[in-house]
Amino acid sequence: MKRSRALLLVGGVLSLAMAGCNVQSSLPVGQNVIIQFRRDALGAGASLPVPPTTQEWNGASVYLYGMLRGADAEWLTLEREGKTYWIPRINVLLIEAQI
């Protein structure tokens with residue numbers, strides 16, 4: 001009985017998350033952020049660990065810095081140096097905001 005309740009709760013939470021239930025409100029839209037990319041998405045999924053907040057790995061940048069302009073369940077929009085980047089959320093490791 002407890003297991004079925006737990007599964008029902010998890011299923012409900014996942015349903016809300018997948019529906020994009022107010023995704024933007026929890027992110028610092030309008031603020032400068034550092035978006036760290038998943039290392040495997042960048043081809044750095046090697047046997048050596050890559051720290052989550054490092055800015056470079058083997059001479060390559062593993063992050064973008066700029067103004068977070070928008071977000072939905074699938075994409076983040078970042079503005080930097082007059083350019084706009086649409087970043088798939090699936091490729092994001094973490095978002096760091098200055099508070």
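# Starting from Thr77: a guided reading

Leaving aside residues up to four places away in sequence, Thr77 touches Met67, Leu68, Arg69, Gly70, Thr84, Tyr85 and Trp86. This is a contact list taken from a predicted model, and it offers a convenient way into the structure. Thr77 itself lies in strand S5, and it counts as buried because its relative accessible area is 17%, where the limit for burial is under 20%. To place the residues that Thr77 touches, it helps to step back and look at the protein as a whole before returning to this strand.

The protein has one helix and seven strands, and, read from the N terminus, its elements follow the order α-β-β-β-β-β-β-β. Of its 99 residues, 23% count as buried. The accessible surface comes to about 7,100 Å², and carbon and sulfur atoms hold 57% of that area. Among the contacts with a separation of 6 or more, 54% are made by residues 24 or more positions apart.

Five of the strands form an open sheet, in which they are arranged in the order S6-S5-S4-S1-S7 with antiparallel pairing. At the edges of this sheet are strand S6, residues 83-88, and strand S7, residues 92-97, each of which pairs on one side only. Neighbouring strands of the sheet are turned against each other by 45° on average, if direction is ignored. As a general point, the strands of a sheet pair through backbone hydrogen bonds, either parallel or antiparallel.

The individual pairings can now be followed across the sheet. Strand S1, which covers residues 32-37, pairs with strand S4, residues 63-71, in the antiparallel sense over five bridges, and within this pairing Asn32 stands opposite Met67 of S4. On the way to the next strand, a hairpin of three residues joins S4 to S5. S4 and S5, the latter spanning residues 75-80, are again antiparallel and share four bridges. Here the starting residue comes back into view, for the bridge partner of Gly70 in S5 is Thr77, and Gly70 is also one of the residues that Thr77 touches.

Beyond S5 comes S6, and these two strands pair in the antiparallel sense over six bridges. In this pairing Leu78 stands opposite Tyr85 of S6, and Tyr85 is likewise among the residues in contact with Thr77. The hairpin of S5 and S6 has two residues between the strands, and in it Glu81 takes a positive phi near 50°. Glu81 has this positive phi although it is not a glycine. Glu81 is placed in the loop between S5 and S6, and it counts as exposed because its relative accessible area is 71%, with the limit for that class set at over 50%.

Glu81 also takes part in a salt bridge, since its side chain meets that of Arg80 at 4.0 Å, N to O. Arg80, at 28% relative accessibility, counts as partly exposed. The count of salt bridges comes to two, and the pair of Arg69 and Glu79 is among them, with their closest N and O atoms 3.5 Å apart. Arg69 belongs to strand S4 and Glu79 to strand S5, so this salt bridge ties together parts that are 10 residues apart in sequence. Both partners count as partly exposed: Arg69 has a relative accessibility of 44%, and Glu79 has one of 34%. Arg69 is also one of the residues that Thr77 touches.

From these charged side chains the reader can turn to the nonpolar ones. The largest nonpolar core has 11 residues in all, namely Leu27, Val33, Ile35, Phe37, Leu64, Leu68, Ala71, Leu76, Leu78, Ile87 and Val92. The elements that give two or more residues to this core are S1, S4 and S5. One of its members, Leu27, touches Leu68, Ala71, Leu76, Arg89 and Ile95 when residues up to four places away in sequence are not counted. Of these contacts, Leu68, Ala71 and Leu76 are themselves listed in the core, and Leu68 appears once more among the residues that Thr77 touches.

How values were computed
Residues are numbered from 1 along each chain as its sequence is written. This is a predicted model: local features need pLDDT of at least 70, side-chain atom pairs count only at pLDDT 80 or more; totals for chains, interfaces and linings use all residues. Side-chain values use heavy atoms; hydrogens and water are left out. Two strands pair if DSSP finds at least two bridges between them. Axes are lines fitted to C-alpha atoms, for helices over the stretch in contact, and angles run from 0 to 180 degrees between N-to-C directions. Buried means under 20% relative accessible area, exposed over 50%, partly exposed in between (1.4 Å probe, protein chains only). Contact means heavy atoms within 4.5 Å. A nonpolar core is a set of buried Ala, Val, Leu, Ile, Met, Phe, Trp, Tyr and Cys residues joined through side-chain atoms within 4.5 Å. Accessible areas come from the Shrake-Rupley method with a 1.4 Å probe; for residues, only the protein chains shown count as cover.
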